[in-house]
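Trainee: Could we go through this model together? I would like to know what stands behind each label.

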Amino acid sequence: MNILSGKIANINVNGDLSIVRVHVGSEIFSSILIDTPDTADYLQVGNEVKVIFKETEVILGVGDMRGISLRNKLKGRVCNIESDTLLSKVSIETEVGRITSIITSNAVEQLNIKNNMELTAMIKTNELILAK
C-alpha cells in the first residue's frame, strides 16, 4: 500500500460526492469520495490526511504524459525493480516519497523500464483513499 501524508487544500461538493484536493509536498492530489464535509468530519480544508492507494492502481508511463486525462501524476526515477514471470514491482523515487507500482513483467519489458530511468506514476482520482 502506498501511503502519503498531506493537507486538504480544497473541497468541491455536488450532492453526495466530493472532489478533494490534497497538498502532498509540492504536489496536489485529487480524490473523488462518496462523502461530504457534512457526512465525514475530517473533510475540512486545512486538515491533515493520509492519501492511500494500492500498488496495483499505479499506472506507469514513459515519455510525455501531457495528453492523458489522469489528474494524479508524479514524475520520478526508478530506484528498484523486482520481477518474476508474471508481475513486477517497480519502486519510483518522487518528490513526495517512494511510490510502488505492481504491473505485468511484460509491460516492464515492453516499456524498457530500467533502474534510474525517469517515468511518470499516475493514479486515477477514484483510486485514492483519504483517511485521518
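Mentor: Gladly. Helices and strands here are DSSP runs, with at least four residues for a helix and at least two for a strand. Keep in mind that this is a predicted model.

Trainee: What pattern does the protein follow along the sequence?

Mentor: Read that way, the protein runs β-β-β-β-β-β-β-β-α-β-β, which comes to 1 helix and 10 strands.

Trainee: Why is the protein called as compact as a globular protein of its length?

Mentor: The globule rule gives 14 Å for 132 residues, and the radius of gyration of the protein is 16 Å, close to that value, so the description fits. Along its principal axes, the C-alpha trace spans about 45 × 25 × 25 Å.

Trainee: How much of the protein counts as buried?

Mentor: Of the 132 residues, 40% do.

Trainee: And why is Asn-72 called buried?

Mentor: Buried means under 20% relative accessible area. Asn-72 has 1%, so Asn-72 is buried. This residue belongs to strand E6, residues 72-83.

Trainee: What makes the reach of the Asn-72 side chain to the backbone nitrogen of Ser-30 a polar contact?

Mentor: The cut-off for a pair of N or O atoms is 3.5 Å, and the side chain reaches that nitrogen at 2.7 Å. The Asn-72 side chain also reaches the backbone oxygen of Ile-123, at 3.0 Å.

Trainee: Which residues does Asn-72 touch, leaving aside those up to four places away in sequence?

Mentor: Among them are Ile-28, Phe-29, Ala-121, Met-122 and Leu-128; contact means heavy atoms within 4.5 Å.

Terms used. Residues numbered from 1 in each chain as written. Predicted model: local features only at pLDDT ≥ 70, side-chain atom pairs only at ≥ 80, totals over all residues. Heavy atoms only, no water. Rg over C-alpha atoms; globule rule 2.2 N^0.38 Å. Buried < 20%, exposed > 50% of the residue type's maximum accessible area, 1.4 Å probe, protein only. Polar contact = N/O pair within 3.5 Å; in protein donor to acceptor, adjacent residues only side chain to side chain.
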